[in-house]
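Here is a quick briefing for anyone opening this structure for the first time. Have a look at the sequence and the model, then read on.

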Amino acid sequence: MTGNATHFDGLGQPYGGCGLPQAQLDSQDFVALNVFNTPGDYTAYPRPVPAAQSGIIGAWDNGLNCGRYVQVTIGDYCTGTNDGAPGQPFCRGGQWVSDDYDGATLTMVVADSCADANAWCRDDPNHLDLDTASLGRFAKSGTTVQGLADHWNNRHISWHYVAAPSYTGDIRIGFLQGAQRYWAAVSLSHLPNGVHGVQYLSGGTWQDAVMNSDMGESYILKPTTDGGTDFSIRVKDASDAYVFGGRVYDFSLPAACSSTCSAAYTGVDYTTEGGTGSPTTPPTTPPTTPPTTPPTTPPTTAPPTTPPTTPPTTPPSAGKSCAASAQVTNSWPGGLQATVTVTNTGTAATAGWTAATVLPGGTSLATAWNAVASTSASPATFANAAWNGVLSPGATTTFGLTLNGSATSLGALTCRAT
């Protein structure tokens, strides 16, 4: 693939687009891929891109190329203006010329995404955004080239995917900031060929984990037993094959996360079962503590036990009524988290309640807790859990939810009491 290349000064805090802190990357030579392929269109679309809009998915592929390696080769230099102005051609008023840097190469890991409303990130499907520091590590004929950053002007590059260089060991697993037993967000890294999916063992069956927005190395897991702290997973790579022949990784929520993980990344040890290949003992990755907040903040309230599978259908009784209101507690590119408060506004105690709302366009429910969610039809409904349906007059209870998509607010809610 041949395209334009720009450069940027490092991953945001605490995570890059793949859901992994910069300090935890396998390589400090990293790139960002285009989220959207929309030449001439600089609109902010939902992330992850929904299936109905699959035609606009860029090389980022909704995070599925995270953790893969690319070999980048330096190409021609632009003698004109290459500023990425929307609707303008690249290298205006000049031409592409060869110079002594042509042919210099570097192998880099995919760690971030580019969704900016400029021509590089939208008009050029093969554009790469390179880490600035990496410009000083390109090599030609075995020798590191000097001064490339000073002779850049957003060059042509060619690139292609390659296997992880000199791969040894096994995968790395770390819990993200805010993770806890009821919201087990992990990052997976150090894979031979990226990650395309994770399955967790829960209740004796293997289930597909949901990606954490479009952060392609981060997934939300469930424990092997409800409310537990032990996890078993297996991983699929970029070829959709099980990593190491379906090796199972068993690990537990660390003591440092008994309440909630405070560090941006808390690495864990694990044991393995089955599979093929040579890896045996995984490395232990120490936690780091970057300063800013995570993309999501999970619930801190008690877990559900065995909730009902359908909302109450009993008509409301005299003196029974309720109201529901939502507060967005966190948002990030591609999702939001909200807390919904249900209040008994009637004169009699409720036996149960159901809150309903029309989800914003382009969004989907990711998770819900302390309520039983149903999104099979519109409006989406959230029925009380087994322990929070009884509310005395004036009493309140809360439940939480996260949405995937570009919305920054939740629609109006209605409430029905029984």
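What follows is a short tour, from the whole chain down to single residues.

Keep in mind that this is a predicted model. The protein chain has 418 residues, and 50% of them are buried. In terms of secondary structure, you'll find one helix and 28 strands. Five disulfides and seven salt bridges are also there to explore.

**The chain as a whole**

- Take the contacts between residues at least 6 apart in sequence: 72% of those join residues at least 24 apart.
- The accessible surface of the protein chain is about 17,000 Å². Carbon and sulfur atoms account for 51% of that surface.

**A five-stranded sheet**

- One open sheet is built from five strands, and going across it you meet β14, β13, β17, β18 and β20 in that order. The pairing in this sheet is antiparallel.
- Which strands stand at the edges? They are β14 (205-208) and β20 (271-273), and each has a single partner strand, so one side of each is left without a neighbour in the sheet.
- On average, neighbouring strands of this sheet are turned by 35° against each other, with direction ignored.
- Now zoom in on one pair: strand β17 (residues 230-236) and strand β18 (residues 248-252) run antiparallel and are joined by four bridges.
- If you want a spot to look at in that pair, try I233, whose bridge partner in β18 is Y249.

**Disulfides**

- A quick reminder: a disulfide is a covalent bond between the sulfur atoms of two cysteines.
- Count the bonded cysteines along the chain and the pattern reads 1-2, 3-4, 5-6, 7-8, 9-10.
- C78 and C91 make one of these links, with an S to S distance of 2.3 Å. The angle about the S-S bond is 105°, and the link is right-handed.
- Where do C78 and C91 sit? C78 is in strand β4 (residues 77-78), while C91 is in the loop between β4 and β5 (96-97), and the two are 13 residues apart. Both cysteines, C78 and C91, are buried.
- C114 and C121 are joined too, at 1.7 Å from S to S. C114 has a relative accessibility of 4%, so it counts as buried. C121 has a relative accessible area of 2% and is buried as well.
- Another disulfide is formed by C257 and C261, whose sulfur atoms are 2.0 Å apart. The link of C257 and C261 is right-handed, with 110° about the S-S bond. Are these two buried or exposed? C257 and C261 are both buried.

**Salt bridges**

- D214 and R47 meet through their side chains in a salt bridge, at 2.8 Å from N to O. This pair links distant parts of the chain, 167 residues apart: D214 is in the loop between β15 (210-212) and β16 (215-221), and R47 is in the loop between β2 (30-34) and β3 (69-74). D214 and R47 are both buried.
- D170 pairs up with R247, and their closest N and O atoms are 3.3 Å apart. D170 lies in the loop between β10 (156-162) and β11 (172-176), and R247 in the loop between β17 and β18, so this salt bridge ties together parts that are 77 residues apart in sequence. Both D170 and R247 are buried.
- There's a network as well: D99, D102 and R155 are joined into one by salt bridges that share partners.
- D83 and R92 form a salt bridge too, the closest N and O atoms being 3.0 Å apart. How much of this pair is accessible? D83 counts as partly exposed because its relative accessibility is 38%. R92 is partly exposed at 23% relative accessible area.

**A closer look at T402**

- T402 lies in strand β27 (residues 396-404).
- This threonine is buried, because its relative accessible area is 5%, and buried means under 20%.
- What does T402 touch, once its neighbours within four places in sequence are left aside? The contacts are L336, Q337, S364, L365, A366, T367 and W369.

Conventions: Residues are numbered from 1 along each chain as its sequence is written. This is a predicted model: local features need pLDDT of at least 70, side-chain atom pairs count only at pLDDT 80 or more; totals for chains, interfaces and linings use all residues. Side-chain values use heavy atoms; hydrogens and water are left out. Two strands pair if DSSP finds at least two bridges between them. Axes are lines fitted to C-alpha atoms, for helices over the stretch in contact, and angles run from 0 to 180 degrees between N-to-C directions. A disulfide is a pair of cysteine sulfur atoms within 2.5 Å. Buried means under 20% relative accessible area, exposed over 50%, partly exposed in between (1.4 Å probe, protein chains only). A salt bridge is a side-chain nitrogen of Lys or Arg within 4 Å of a carboxyl oxygen of Asp or Glu. Contact means heavy atoms within 4.5 Å. Accessible areas come from the Shrake-Rupley method with a 1.4 Å probe; for residues, only the protein chains shown count as cover.
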